[in-house]
Amino acid sequence: MSYLRECGLSLLPWGDDSRQWQARVMLARQLQPENWPDVSDNNLADTLEEWLQPWLEKVTRLADLRALDLAKILSAQLDWHRSQQLEQLLPPKFQVGSGSACTIDYLSDPPVLAVKLQEMFGASETPSVAQGKVLLMLHLLSPARRPLQVTQDLAGFWRGSYRDVQKEMKGRYPKHPWPDKPWEAEPTRFTRHRRK
């Protein structure tokens, strides 16, 4: 434990799932300070004995440490009820109108939802989490999954710079729909010829 304290949390097997969970809890704490634990790197380093020690019984070398399931260990800091609350308040995925469940990146501030532009047809409001308190930053992607627009104002985009995107993309991706009123169009994952 002293070695870990000396070398820092970077010795632990952090993965995207661990960092995303940490960012979600820290955002929940920002919204409701009294309800959520401090899982910042600084506090985790200060409280190693409390949350990590019970998992170190069989750890005798660095390879054992790196084999730990850190996401599971971290999430054990929340009881079942609080874990369910986190899923509802700040879900890891957001289901868009097309039916796709798109991953939310909570490591960005504000959180980012990257989604193909056509999958947002029919939506006039920017998606949000935390019961509408946190607007997601939309990264609207081309059929090749390249960013076409970054916005927190979907309605403004549809009625504004979408026209320029529509003109340019219609020629480049003629098999995909580029309707004049995207806020009224049916969201789709597919080309115009394949609806389902």
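**Helix 2 with helix 7, and the setting of Gln-166**

In this predicted model, the axes of helix 2 (residues 16-31) and helix 7 (residues 80-89) come within 11 Å and cross at roughly 90°.

User: Why is helix 2 called roughly perpendicular to helix 7?

Analyst: Angles of 65 to 115 degrees count as roughly perpendicular. The two axes cross at roughly 90°, so helix 2 is roughly perpendicular to helix 7.

User: Which residues make the contact of helix 2 with helix 7?

Analyst: Helix 2 contributes Trp-21, Arg-24, Val-25 and Ala-28, while helix 7 contributes Leu-86, Glu-87 and Leu-89. Five of the residues in this contact are nonpolar, two are charged and none is polar.

User: Why does Gln-166 count as buried?

Analyst: Buried means under 20% relative accessible area. Gln-166 has 7% relative accessibility, and therefore counts as buried. Its place is in helix 9 (residues 162-172).

User: What is Gln-166 in contact with, leaving aside its neighbours within four places in sequence?

Analyst: Gln-166 is in contact with Trp-178, Pro-179 and Asp-180, when those neighbours are left aside.

User: What makes the pairing of the side chains of Gln-166 and Asp-180 a polar contact?

Analyst: A polar contact is a pair of N or O atoms within 3.5 Å, one able to donate a hydrogen and the other to accept it. The side chains of Gln-166 and Asp-180 are joined by such a contact, at 2.9 Å.

User: Where does the backbone oxygen of Pro-179 lie with respect to the side chain of Gln-166?

Analyst: The backbone oxygen of Pro-179 is 3.2 Å from a polar atom of the Gln-166 side chain.

Notes
Residues are numbered from 1 along each chain as its sequence is written. This is a predicted model: local features need pLDDT of at least 70, side-chain atom pairs count only at pLDDT 80 or more; totals for chains, interfaces and linings use all residues. Side-chain values use heavy atoms; hydrogens and water are left out. Axes are lines fitted to C-alpha atoms, for helices over the stretch in contact, and angles run from 0 to 180 degrees between N-to-C directions. Helices (H or I, at least four residues) and strands (E, at least two) are DSSP runs, numbered from the N terminus. Angles under 35 degrees count as roughly parallel, over 145 as roughly antiparallel, 65 to 115 as roughly perpendicular and the rest as oblique. Contact means heavy atoms within 4.5 Å. Ala, Val, Leu, Ile, Met, Phe, Trp, Tyr, Cys and Pro count as nonpolar, Asp, Glu, Lys and Arg as charged, and the others, Gly among them, as polar. Buried means under 20% relative accessible area, exposed over 50%, partly exposed in between (1.4 Å probe, protein chains only).
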